[in-house]
Amino acid sequence: MRSPVARGEEAQAPPRPPAARRPWWRSRAAKGAAYASPAAAFVVMFFVVPLLLVGRMSASEWPLLQGDQGTNFPDNFDGMTDDRLFWPAVGFTLKYTVIVVAILLVLAMIMALIVQERRPGVTFFRTAYFLPVALGLASASLLFWGFFSPSIGPIDPILRDLGLIDGNIRWIGTPNMALLSTIALVVWKFAGFFMIILLVGLQSIPTEVYEAARIDGANRVQTFFRVTLPLLRPSLALVLILSITGSLLAFDQFFILTNGGPDNSTVTVVMLIYREAFQRFDLGTAAALSVVVLVVLLVVNIVQFRFLRRGTD
Amino acid sequence: MRHATRTRRRLRLVSIAASFAALAMVASSCGGDDDGNGDAGDGNGDEGDTAAEGDAADGMGVDDGSTITMWTRAATEAQSQRLVDAYNESHENQVELTVVPTDDYLPRLGTAAGAGELPDVVGLDVVFVPQFTTVGAFLDITDRIEALPFADSIAPSHVDVGTFEDRKHVVPHTMDLSVYFYNKDLYEQAGLDPEQPPATLEEFAEHARAIDDLGDDVHGTFFGGNCPGCYVFTWWPSIWADGHEVMNDDGTEAMLDSPEAQAVYDVWKGLVEDDVIAPGTQDEAGPTWTGVFPEGDIGIMPMPSTTLGLMPEDFETGVAPIRGIDGGESTFVGGDSVGIAANSEVPDQAWNFIAWTLSDEAQIEVVAANDDVVARTDLATNKYSEQDERLVTINEVAAQGRTPYTLKFWEAFNDPQGPWLPLVRGYVFGDGSTIEADNEAITAVLQSG
């Protein structure tokens, strides 16, 4: 409740002219929208529209050569599990993801810790670790395919000349070796990239925190697990999200290096999508698979974020 | 704290958006049809749709300085490029050749056909032709073919495979036949007569064993053991050679578990078990399978005839027909067929190029002159083949060759994840216990919609 005095002051004040209203197109909001519109248009054109198209394809009979033959929902989704390669591909993709993410995370962390502090030679190691990142994945896969080829690869002849082996090593000739060889390629290619992310995270941790831990009597192991890892959580989250998403979407490395073999042992889910779309010419089933992968990735990332957020609130 | 929460929220949004974007890219990369109708032409490829018919009355099309676009796969680039270069030099029309990596060719072609954006002239592995003719991707060129003065002499395999509802859509462009290549130097060293190549499949195995006994780095034979297309190309002729079949006539039922087929697999299985094959055979997925023989350490193996010109001169290469168990001979008539895309705006000019590639001039001075197989039976013996008996052998065996017909060739036989590779690998490298189930799986694919 206002005081009478205040009410009196208000009464004596001259009436203020109504503020001149700017036209909407000169408002801050309109300017903001104008700045954002190119990016928004880009997102709509190259993200929203393709997504809607994929959604429509997934609910349609859509051979590549004949085009849209009308809605057939949910046939494409029902039919995808009938493919004898579907469940093995799902299982293999998950297995590959678990193995490669674990190796990448541990190795990138070790590499980041090695090159964290400035000391003689560290620049060389940083460069050496990061160098494979500059190579495209397809090129790297082709390079490794050449290395592993029983016909033209140099590794076997070198090992034979050194007397280490007799005959050939079947680098991509057995299911386990094909998986391990591909993992070797991916780790070689991406460990440096994740090392850089973790290195940036490590260097953003204030030295005072380490000093405080040392004063409190923490040894190196305790410091790592009680100080470094918790403060590195945002960087670890990024590494996990990128590596898990990338592994679940694995395609190039297997397509080039193993072509899904031997005996269909290295077929990934995205290879199935490619096969359905461009080799079996069935865009509908390919789109349905894409939608399923999209949903799975969304769930995985949401779960990851919820998990990693715990403890920081 | 509020700032931290907001940051996390943003991060979450960014993550979700990133996931969507990643998936959208994967999914959208699968799309190839911008307008959504996927029309691969008018559906019937009726040449009456085109305007400049009058000029094509002589059967050789129109040469008026037009630009003609053409696609081919890398595997047959050399042959196509030579024909294009010779045509461009002697004609007003100019052909612009685009070479696509072989493994990407079928997807690229399918996407273009779906969008109605095929080039004027389409070169295509002959086994995939039915997949495109049945959806109207090619122009009906029946009348154009029949108007050619040498129409009856065009090698029939490719034309037959491209015939749909009694209308012809393609002609042969490059002929690639499977034949035995054998190293005459190694034959001599092994005490074999280099002028007496194998007369039966069993004899082929005997020769391979004899050469393998030379030891050191010499091996009897080699094959693409993880390459489904290589098996088709090099082993099926041994089944055909004695008059047996791999499929029924309309390509809807596989017969690859027949006793006759198993007899062929058994010969190869024996070579595998006796370690007569070179290292790496079991893992050879295709890209380098033709690169082993030229190294000079392999006695005899089935090879593509198109590689004859690439053989080194430091040993003498002999050529012989692929044999069956009973001594018959046959070959897989592969290579590329060529047709006019239904969406072509210059079909008469495109036909001018195609018709010229089949002419005496092109077949002798371009194709035969470069040790390639001619696409006309009346030119099988020519001034170049007379100088090289190996070319005569190849040209002659072409007449006994086969090109299998099915609408599902890629899915059933060429797909590395398809049912054919497990059948043949399971038999040759395993115990063969799944051969009947694998054959049924192939039939299921052949009959799928």
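Which hand, left or right, does the crossing of α9(A) and α10(A) have? The crossing of these two helices is right-handed, in a model that is predicted. The legends below treat this crossing and several other close-up views.

**Figure 1. Helices α9 and α10 of chain A.** This view shows α9(A), residues 207-215, packed with α10(A), residues 220-231. The two axes lie 11 Å apart and make an angle of about 160°. An angle over 145 degrees counts as roughly antiparallel, and α9(A) and α10(A) are therefore roughly antiparallel to each other. On the α9(A) side, the contact involves V209(A), Y210(A) and A213(A); on the α10(A) side, T223(A), V227(A) and L231(A) take part. Sorted by class, the residues of this contact are five nonpolar, one polar and no charged. α9(A) is hardly covered, with zero buried residues among its nine. Just after α9(A), G217(A) adopts a positive phi of about 95°.

**Figure 2. Helices α8 and α11 of chain A.** Here α8(A), residues 175-203, packs with α11(A), residues 233-248. The axes of these helices are 8 Å apart, at an angle of about 165°. The pair α8(A) and α11(A) is therefore roughly antiparallel, and the crossing of α8(A) past α11(A) is right-handed. From α8(A), the contact is made by F194(A), I197(A), L198(A), V200(A) and G201(A). From α11(A), the residues in the contact are P234(A), S235(A), L238(A), V239(A) and S243(A). Seven nonpolar, three polar and no charged residues make up this contact of α8(A) with α11(A).

**Figure 3. Overview of chain B.** Chain B contains 16 helices and 11 strands. Of its 449 residues, 55% are buried. Among contacts in chain B between residues at least 6 apart in sequence, 76% join residues at least 24 apart. The remaining views show parts of this chain.

**Figure 4. Strand β3 of chain B and its pairing with β1.** β3(B) is mostly covered, five of its five residues being buried. In a regular strand, side chains alternate between the two faces of the sheet. In β3(B), V121(B), G123(B) and D125(B) point one way, while V122(B) and L124(B) point the other way. Strand β1(B), residues 67-73, runs parallel to β3(B) and is joined to it by two bridges. One bridge places M70(B) of β1(B) with its partner V121(B) in β3(B).

**Figure 5. Strand β11 of chain B between two paired strands.** β11(B), residues 333-340, is mostly covered: eight of its eight residues are buried. β3(B), residues 121-125, pairs with β11(B) in the antiparallel sense over five bridges. Within this pairing, D125(B) stands opposite D336(B), and L124(B) stands opposite S337(B). Strand β6(B), residues 171-183, also runs antiparallel to β11(B), and six bridges join the two. S337(B) in β11(B) is the bridge partner of P172(B). S337(B) thus appears both opposite L124(B) and as partner of P172(B).

**Figure 6. The surroundings of N226 of chain B.** N226(B) is found in the loop between α8(B), residues 201-212, and α9(B), residues 228-241. Is N226(B) buried or exposed, given its C-beta neighbours inside 10 Å? A residue is buried if 20 or more other C-beta atoms lie within 10 Å of its own; N226(B) has 25 such neighbours and therefore counts as buried. Leaving aside neighbours within four places in sequence, N226(B) is in contact with G261(A) and P262(A) of chain A. Its contacts in chain B are Q282(B), D283(B), E284(B) and A285(B). P422(B) is 196 residues away from N226(B) in sequence, yet the C-alpha to C-alpha distance between them is 9.4 Å.

**Figure 7. Helices α10 and α15 of chain B.** The axes of α10(B), residues 259-273, and α15(B), residues 420-428, come within 9 Å and cross at roughly 55°. That angle makes α10(B) oblique to α15(B). Y265(B), W268(B), K269(B) and V272(B) form the α10(B) side of the contact, and V424(B), Y427(B) and V428(B) form the α15(B) side. By class, six nonpolar, no polar and one charged residues belong to this contact of α10(B) with α15(B).

Technical notes. Residues numbered from 1 in each chain as written. Chains lettered and ligands numbered in written order. Predicted model: local features only at pLDDT ≥ 70, side-chain atom pairs only at ≥ 80, totals over all residues. Helix = DSSP H or I, 4+ residues; strand = E, 2+ residues; numbered from the N terminus. Buried ≥ 20, exposed ≤ 12 C-beta atoms within 10 Å, placed from the backbone. Contact = placed C-beta atoms within 7 Å. Pairing = 2+ DSSP bridges. Axes fitted to C-alpha atoms, helices over the stretch in contact; angles between N-to-C directions. Parallel < 35°, antiparallel > 145°, perpendicular 65-115°, else oblique. Left-handed = near helix turned anticlockwise from the far one by under 90°. Nonpolar A, V, L, I, M, F, W, Y, C, P; charged D, E, K, R; others polar.
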